[in-house]
Amino acid sequence: MSPLTLHTDPEIHERDGWNEDWGDIDPPDEFGRPVRRARAPRQFGVRWFLSAPQDKGHTGTMPAGVILVVGLAALVLLALLSAPATLRKSNAKDKGAWRQTTAQAVATISAAFRLDAPRNAIDDARGTGVSRVVTADELLAQQRAATPPVTGPTVTQAVSQRPVVRAPAQGAPLKLWLGGDSITGAFGPEAQKVLESSGLFSVTVESKPSSGLTRPDYLNWPKRLLDIANTDKPDVMVVMFGANDAQNMPINGPAGYALYDENWLAEYRKRVASTMDLLKSPANDRLVVWVGALPMGPASGVRGMEKVDYVYWSEAQTRPWVAYLDSFPFFTDSSLNYSLSLPAADGKVQKLRANDNIHLSREGADRLAWVLYQRLTKEIDLSKSNIFALPPSQAAPPTIQERVVLPPPPDSGAA
Amino acid sequence: MLFPTVDFAVFFLVVFVGSWVLRPYHTLWRWFILLASVVFYVDFFDAQHNPGTDAFAPLVAFGAFATIAALAIRSVSTSDEPGGDNRPAAVGVFVAVAVGFVALNALLQQMLPDNNQSFFKFLLLLLSFMFVNQAAARAVYASLGEGRARTNLSRWLVRALVVFDLGVLGVFKYYDFLRESLDKLGALPIWQLALPLAISFFTFQALGYVVDVGRGEIRPVPLLDFAVYLTFFAHVVAGPIVRVREFVPQLDQRPDPRYVEASEAFMLIFRGLFKKVVISSYLATQIVDPVFAAPSAYGRASVLFGIVGYAIQIYADFSGYTDIAIGAALLLGIRFPQNFDAPYRALSFQDFWRRWHMTLSRWLRDYLYIPLGGSRGTVNRTYLNLFLTMLIGGFWHGANWTFVIWGAIWGGAIVVERVVKKNWALTHEPREATVVTKVGQWVLTFAVTCVAWVFFRAPSFGDAVEVLRQVVVGTDDPGVKAVLTPLVVVVVVLAIASQFVPPRVPERVSQIGTRMAPALQVVAFGFGLMFIDALGPEGIAPFIYFQF
């Protein structure tokens, strides 16, 4: 083994313009070797661990070894105190079994000594603990229990028909609520501008980054949507999810449901269906537009949007109050492959996506906003609109159309 | 790798041990820190950033470039004094390495398409960029005259390096903006260039180094020292912008491991985590994001608190990051300069910029304002230089007209303030400002700061105007959704009030920690971190300044 090189260049301290006030440093000895100070004898043990250190004139300092011991012990304590939350987060990540196994083991020890009690109390108080999440199914059951049953042919009639949304007029706009994950961060405001320019909509946007339907412990969208439906009573609700849903579901044990496996797809379908049912108004006078997730680019780390879109589309087929908006063809080439840039109706090529290949650029948001407007003209009587034609510089070419039928993707659980 | 994560905690513990064990060994310690910084930058812990087997060819290409560049740089100018026969060789090496950098990175763009390997591509960009700047520093130093006096050649070399570095920054950061701004001409093709992480920060630091060499203020440092300086994990992503003359001498010093400045470091790390994880995230999700997404949906008070909330959010986010960075470096025995000094207690615009992102302000002063002429010319020229400095500083933040407007607001405010103060001094006797005057100055400074932040945050000029319009002509209605909760008001008020707490208070509180028994410290730190984690959101949002 070659001898290690010690720094011995005394000139280096003499370079001009350099600040020398960086701490008390012992100069090297006459042979250029670093000087080791004599160490005071130390006794490490329980007594040392429990007694306060003596201040020897170096206020605010600690030996590196003590910092290491304290740091390590504090991290171990943190791991035990935060075990329930760590397990929850770990289960949601597609990180491999060792992470979940470790998190599970720590959580078991933590629970045995009741060290998880403070964290559980905080999480429950904040409503972020899994135990406090009310599922869409439960919400639906509560809603049905609170609503007096309607009997006779009215039910069949209402369910089989499209919702009856009043025709808006200038000065009497429809209340439209648009929300979802961070894709709506750009899409929402652009849609708001487009729709409000028609004079027929009063739009509210609610974009929540990192949210979706797989992690109600992070944000319980079904509950939030129900609150909005009950309090704001919008005539039209436009929702968009999917971009953050490509993750494991932290339920039923440490492994949870792995992304896009059979259980995952079944659970996701159940959540989508319950959420759609929650949004149906008793008088069937509310339209729900469910915007399909966008195709994601190769750099995004997000995959399988065609799988969640198939779930949305197929569930919307049996619910007349839900209009599925097929966004895919407007952001793909003719083979339905992801495209960063595409021509607008005027033929000019536009960059439609942000550099992360996930979010929309301003042009992409404009395009989707006009797709939404076009779709609304098919669902609602917008004859009093101020908009007479789509702007060719913003809208997609008229040759692109939504698909009538979405093909089941491989392993979609459609069979 | 993000600071407030378990991954970083584990990473830092390993680095902490390795650094103190290897610190006496000059070269080995430097290689260790460089390797740690590379792991941090690429986040090799995260499986999706793993380059995989198809990174072999790019690695070979980079390896060949790095070896040839290192040998070429080593072959020139090892003498203590500049000048002499090696000038042509030094200039030749600089040009050759710069050409090699362009060829290598064009090749890497082809070999490594934008996917999960982007970070790996960015790393190779950063390391190859380092070689160009080191070659430039050597060439500039060799071209200096007697007594390190500037020569025409050294000036031209510095200019060439500035154009080169800003060119690299421009291609990645401003190409889309340029293309969209020239849209009507339809001249530029669409390129898909992801913005390399931290490109602005490492460009600024490298530029400052070569300019300092060109001014004869420092000698070129060894290549390994420069590599450690440029990539050092604590500051590589979002600053503070440290100078070579501040950082490299510390590499040669050996701090005493018995006296690590733990109380200050722990205080900074805890404070930073709390600001980032709790305050910044809470305000962002509770009021700032909704208000800026759809201002017309909210009443006047909600929008006003949304704007003030953003002022607090960006301060908590950015100063939180630099607090953690400074604290982490301090635990390794390296001291960074202060980056924030309670900026929202400023009583003037100039005072604000002495307290906000201090290392950037200093960089802009030394490498932009002074080269523009500083205050050496006429009064009007000084005003113009001030305005241009702020305008360019604004544009540095991003390729959007909103940042230009943000810079223009600040440039205009500082110039107007100077004019007013100058005229006031001509007609009034100097005297101590009354409390009422100070309150007025504070309100004015904070108000202009908040208005400027609206342009900084809003995605477009129109959106920013819409937000401001809502404050003036918006309804009194609390809005469709209640975002203005009592807790938001309390957080905003306390955050502003905290700016007026004297610095000695947190200093004394932090010293209590190091006087406690180790067992008590463990309990305090463990519970403290648990509370921060519990009060924060699930998952950590990226730091705002990562995008710059």
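1. Chain A first: in this predicted model, its accessible surface comes to about 19900 Å², and carbon and sulfur atoms hold 57% of that. Of its 415 residues, 48% are buried.

2. On the fold of chain A, I count on 12 helices and 7 strands. Looking at contacts with a separation of 6 or more, 71% are between residues 24 or more positions apart.

3. Have a look at helix α2 of chain A, residues 64-81. Its 18 residues reach 25 Å from first C-alpha to last, close to the 26 Å expected at 1.5 Å a residue. The buried residues here include A:Val66, A:Ile67, A:Val70, A:Ala74, A:Leu77, A:Leu78 and A:Leu81. An α-helix has 3.6 residues a turn, so residues three or four places apart point the same way.

4. Now the largest nonpolar core, with 136 residues: B:Tyr41, B:Phe232, B:Phe233 and B:Phe247 touch the most other members. Helix α5 of chain B (residues 118-143) is the top contributor, giving 18 residues. A separate core of 79 residues has A:Ala229, A:Val238, A:Trp321 and A:Ala323 among its members.

5. B:Phe233 deserves a click. Beyond neighbours within four places in sequence, its contacts are B:Phe3, B:Phe8, B:Phe11, B:Phe12, B:Val15, B:Ser37, B:Phe40 and B:Leu332.

6. Finally, the outside of chain B: B:Val501, B:Val505, B:Val509 and B:Ile512 make a nonpolar surface patch of about 320 Å². B:Ile512 sits in helix α20 (residues 504-515). Its relative accessibility is 48%, so B:Ile512 counts as partly exposed.

Notes
Residues numbered from 1 in each chain as written. Chains lettered and ligands numbered in written order. Predicted model: local features only at pLDDT ≥ 70, side-chain atom pairs only at ≥ 80, totals over all residues. Heavy atoms only, no water. Core = buried A, V, L, I, M, F, W, Y, C linked by side-chain atoms within 4.5 Å. Buried < 20%, exposed > 50% of the residue type's maximum accessible area, 1.4 Å probe, protein only. Helix = DSSP H or I, 4+ residues; strand = E, 2+ residues; numbered from the N terminus. Contact = heavy atoms within 4.5 Å. Patch = residues over 30% accessible without salt bridge, like charges linked within 9 Å, V, L, I, M, F, W, Y side chains within 5 Å. Areas by Shrake-Rupley, 256 points an atom, 1.4 Å probe, with all protein chains shown as cover. Salt bridge = Lys/Arg side-chain N within 4 Å of Asp/Glu carboxyl O. Expected span 1.5 Å × (residues − 1).
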